[in-house]
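Please examine the sequence and the structure shown below. The report that follows treats selected parts of the fold under short headings.

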Amino acid sequence: MTVAPLAPYPATRLRRVRQADWSRRLVRETTLTPSDLIWSMVVHEGEGRVPVASMPGVERLSVAECAKAAVEARDLGIPCIAIFPYIDGAKKDATGAMAADPDGVISRAVRAMKDAAPEVGIMCDVALDPFTDHGHDGLIKDGDIDNDSTIEKLVEQALVQTRAGCDILAPSDMMDGRVAALRSALESEGFQKTMIMSYAAKYASAFYGPYRDAIGSGKLGTLGPADKKTYQQDPANTDEALREVALDIAEGADMVMVKPGLPYLDIVRRVVDEFAMPTFAFQVSGEYAMIMAAAANGWIDEQRAILESLGAFKRAGADGVITYFAPRAARMLGA
Ligand code: PBG
């Protein structure tokens, strides 16, 4: 018995264009290039390179190594580096005072990288958590993170970063009103060119775990709240992300970010569709660690998983990805 196929089969056979590499390339809807990557990098005050246990392949770099890495980024066609500090426990305090040290490790790294490769953009995280002994992004008052006094500290930190040569300020603290405060401080100090990429939709996520190891962040709950849920977003919410993004744009953000990345691709797509702003996603430390751990066990193909995950951000509509895989991915992409 022959069964009559349902129209429009076989007039439409979606497999036709999939049959060869050349035809697959021809109909490909999105592409990933090194220009889509922002290299997430950790700097420390010591010498050389120190491996991060929970992120195999990621190392904390000295200031001198950061400068070399900036040259590497340029040669690989990576447009921008996002730099995060590892601070010695002895230098931390409850107010994160070292965040505004003009000779701190971030300032020194930014200057060294801009000297070595001025063509590469440098982005700095604006938040106090690497510098506070309690690990929170702001100042603690009455058992919670105090919004407005934290913003004053963030402005001081951001101006130090800007004076060191930072091109993009990336506030990751999730205080209300911080983008407006940063923008007005930049304008009144004459820094009209400094860009702001706000961590606009940033969720209280379990996927930041390895980052806290990478930057030696304090264990939450010793002095303040046990988590960041009073300032970072509830993972259950999506409309709220649009309100966060709308506010940051109104306050003067040039680019917006969604974080974490892969578990929040729905948010990336909604933000892109709604605002048509330059939109980035952060493939965070836990996402990196998951891929590396599964690959180490032989459960997934490491290289394919890296490129597939990065490509997913482009498909979701992102303009680019902040990722610890940046140099490896750029090499795989044949830079
Ligand atoms: C701090 C900050 C965090 C990350 C970037 N900036 C951690 C946090 O909010 O707890 C996470 C980066 C990563 O996990 O790779 N404000």
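How many of the 6 residues of strand 5 are buried? Of the residues in strand 5, which spans residues 121-126, 5 are buried, and the strand is thus described as mostly covered. The structure discussed here is a predicted model.

## Confidence of the model

The chain has a mean pLDDT of 96. A value of 70 or more is reached by 99% of its residues. The scores for the model are an ipTM of 0.97 and a pTM of 0.96. As a general caution, predicted coordinates should not be read in detail where pLDDT is low.

## Strand 5 and its partners

Strand 5 runs parallel to strand 4 (residues 80-86), and 4 bridges join the two. Within this pairing, Ile81 stands opposite Ile122 of strand 5. The connection between these strands includes helix 3 (residues 105-116), and strand 4, helix 3 and strand 5 make a right-handed β-α-β unit.

Strand 5 is also joined to strand 8 by 4 bridges, again in the parallel sense. Here Met123 stands opposite Ile168 in strand 8.

## From strand 8 to strands 9 and 10

Strand 8 (residues 168-171) pairs with strand 9 in the parallel sense over 2 bridges. Leu169 has Ile196 of strand 9 as its bridge partner. Between these two strands the chain passes through helix 5 (residues 178-188), and this β-α-β crossover is right-handed.

Strand 9 comprises residues 195-202, and 7 of its 8 residues are buried. Strand 9 further runs parallel to strand 10 (residues 255-259), to which 5 bridges join it. In that pairing, Ser198 has Val256 of strand 10 as its bridge partner.

## A buried residue in strand 12

Is Ile322 buried or exposed? Ile322 counts as buried because it has 26 C-beta neighbours inside 10 Å, and the cut-off for a buried residue is 20 or more. Ile322 belongs to strand 12 (residues 320-323).

Ile322 also illustrates how distant parts of a sequence can meet in the fold: Ile322 and Trp39 are 283 residues apart along the chain, yet their C-alpha atoms are separated by 6.0 Å. When neighbours within four places in sequence are left aside, the contacts of Ile322 are Ile38, Ser40, Ala82, Phe280, Phe282 and Gln283.

## Backbone details in three loops

The peptide bond from Lys259 to Pro260 is cis, with omega near -10°. Pro260 is located in the loop between strand 10 and helix 8 (265-275).

Two residues have a positive phi although they are not glycines: Asp142, at about 50°, and Met174, at about 65°. Asp142 lies in the loop between strand 6 (140-141) and strand 7 (144-145), whereas Met174 is placed in the loop between strand 8 and helix 5. Asp142 is exposed, because 5 other C-beta atoms lie within 10 Å. Met174, by contrast, counts as buried because it has 25 C-beta neighbours inside 10 Å.

## The surroundings of the ligand

Which residues are found around the ligand? They are Asp125, Ala127, Asp129, Asp137, Ser172, Asp173, Tyr208, Tyr211, Lys228, Val284 and Ser285. Sorted by class, this shell contains 4 nonpolar, 2 polar and 5 charged residues.

Methods:
Residues are numbered from 1 along each chain as its sequence is written. This is a predicted model: local features need pLDDT of at least 70, side-chain atom pairs count only at pLDDT 80 or more; totals for chains, interfaces and linings use all residues. A residue is near a molecule or strand if its C-beta atom, placed from the backbone, lies within 6 Å of it. Ala, Val, Leu, Ile, Met, Phe, Trp, Tyr, Cys and Pro count as nonpolar, Asp, Glu, Lys and Arg as charged, and the others, Gly among them, as polar. A residue is buried if 20 or more other C-beta atoms lie within 10 Å of its own, exposed if 12 or fewer, and partly exposed in between; C-beta atoms are placed from the backbone. Two strands pair if DSSP finds at least two bridges between them. A crossover is right-handed if, with the strands pointing away from the viewer, the path from the first strand over the helix to the second runs clockwise. pLDDT is the predictor's confidence in each residue, from 0 to 100. Two residues are in contact if their C-beta atoms, placed from the backbone, lie within 7 Å.
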